[in-house]
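Got your viewer open and a hand on the mouse? Let's take a walk through this one together, a stop at a time.

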Amino acid sequence: MNYMKEILEPLLAVLSGGVIVYICKIGLEKLVENAVKSSFEKSIEIFKNNLYRATKAYEILLGREMRFYEKVDVLIAELVPLEQDLLFYLKKDSADNRWNEFRSNFLRYCELTKDLKNETLIHQLYIPEEIVKAFRELVIQMQEDAQFWGETGMLLYNGKDDKIDYQACEEKVDQILWKVAISQSKTYSRLKDLSGEKE
């Protein structure tokens, strides 16, 4: 019996130590696995959160950029015929009440200049610099031309049609229409880029 006891005790000690080591190994693997899983889940959650915030920020920026295009489209649609009407009502055979028509168009021209300037300033952070620049140049040209149109309108008011420089008037109209075309072209290119459409 003692002989068996002497043999079994070391054997049990070795086996129980192996079992303990095995249990510890399994426990350590589980601990590491849970730590990795927890870390991975936190990383995924952080990634999802960052992606959500980036997407939301992009949607806000894009929304404001689109709002700019919508607002200036309406202003440009009014500006083009209005610019041409300024010249039209300066001509002798254009209408009976030329001065009132010219004056009404000129006042609206001044309001449109202010509106375009405000929309460009308000939205300049949300639109590409080349588009901001194109609209700034358009507004600057409109502001410069306002004095010319005002002085020309006074010639009409005072009955000095012979002093009106119709050639200069036509050049002013062409300059504005050219700047409108540039701003519209840049806007169109931007919208094509945003839609993923290739040239």
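Before you count anything, you need to know what gets counted: helices and strands here are DSSP runs, with at least four residues for a helix and at least two for a strand, numbered from the N terminus. One more thing to keep in mind is that you're looking at a predicted model.

**Stop 1: the whole chain**

Colour everything by secondary structure. How many helices and strands does the protein come to? You should find 4 helices and 0 strands. Follow the sequence along and the pattern reads α-α-α-α.

Now switch on a surface. Of the 199 residues in the protein, 26% are buried. Next, think about who touches whom. Take the contacts with a separation of 6 or more: residues 24 or more positions apart account for 75% of them.

**Stop 2: H2 against H3**

Select residues 98–123, which form helix H2, and residues 129–157, which form helix H3. Turn the view until you can see both axes: they are 10 Å apart, and the helices pack at an angle of about 160°. Angles over 145 degrees count as roughly antiparallel, so H2 is roughly antiparallel to H3. The crossing of this pair is left-handed.

What kinds of residues make up the contact of H2 with H3, by class? Colour by residue type and you'll find 15 nonpolar, 6 polar and 4 charged residues there.

**Stop 3: Gln141**

Stay on H3 and select Gln141, which lies in that helix. Is Gln141 buried or exposed? Its relative accessible area is 10%, so Gln141 is buried.

Show the side chains around Gln141. Leaving out residues up to four places away in sequence, Gln141 touches Tyr109, Gln175, Ile176 and Lys179. Zoom in on Gln175: the side chains of Gln141 and Gln175 make a polar contact of 3.1 Å.

**Stop 4: H3 against H4**

Keep H3 on screen and add residues 166–195, which are helix H4. This pair packs at an angle of about 165°, and the axes are 10 Å apart. That angle makes H3 roughly antiparallel to H4. Check the handedness too: H3 and H4 cross in a left-handed way. By class, their contact has 13 nonpolar, 6 polar and 7 charged residues.

Now pick out two alanines. Ala168 sits in helix H4. With 15% relative accessibility, Ala168 counts as buried. Try your distance tool from C-alpha to C-alpha between Ala168 and Phe148: they are 20 residues apart in sequence and 9.3 Å apart in space.

Ala181 is your second alanine, also placed in helix H4. Ala181 has 37% relative accessibility, so it counts as partly exposed. How far apart are Ala181 and Leu138 in sequence and in space? The answer is 43 residues in sequence and 9.9 Å in space, again C-alpha to C-alpha.

**Stop 5: H1**

Scroll back to residues 2–88, which make up helix H1. Two residues on this helix deserve a click.

Start with Glu65, which has its place in H1. The relative accessible area of Glu65 is 3%, so this residue is buried. What does Glu65 touch, not counting residues up to four places away in sequence? Show Tyr126, Ile127, Pro128, Arg190 and Leu194 and you have its contacts.

Step along to Met66, found in H1 as well. At 25% relative accessibility, Met66 counts as partly exposed. Setting aside neighbours within four places in sequence, Met66 is in contact with Leu191 and Leu194. So Leu194 turns up in the contacts of Glu65 and in those of Met66.

For a final try with the distance tool, pick the C-alpha atoms of Met66 and His123. They are 57 residues apart in sequence and 9.9 Å apart in space.

How values were computed:
Residues are numbered from 1 along each chain as its sequence is written. This is a predicted model: local features need pLDDT of at least 70, side-chain atom pairs count only at pLDDT 80 or more; totals for chains, interfaces and linings use all residues. Side-chain values use heavy atoms; hydrogens and water are left out. Axes are lines fitted to C-alpha atoms, for helices over the stretch in contact, and angles run from 0 to 180 degrees between N-to-C directions. Angles under 35 degrees count as roughly parallel, over 145 as roughly antiparallel, 65 to 115 as roughly perpendicular and the rest as oblique. A crossing is left-handed if the near helix is turned anticlockwise from the far one by less than a right angle, and right-handed if clockwise. Ala, Val, Leu, Ile, Met, Phe, Trp, Tyr, Cys and Pro count as nonpolar, Asp, Glu, Lys and Arg as charged, and the others, Gly among them, as polar. Buried means under 20% relative accessible area, exposed over 50%, partly exposed in between (1.4 Å probe, protein chains only). A polar contact is a pair of N or O atoms within 3.5 Å; within protein, one must be able to donate a hydrogen and the other to accept it, and residues adjacent in sequence count only if both atoms are side-chain atoms. Contact means heavy atoms within 4.5 Å.
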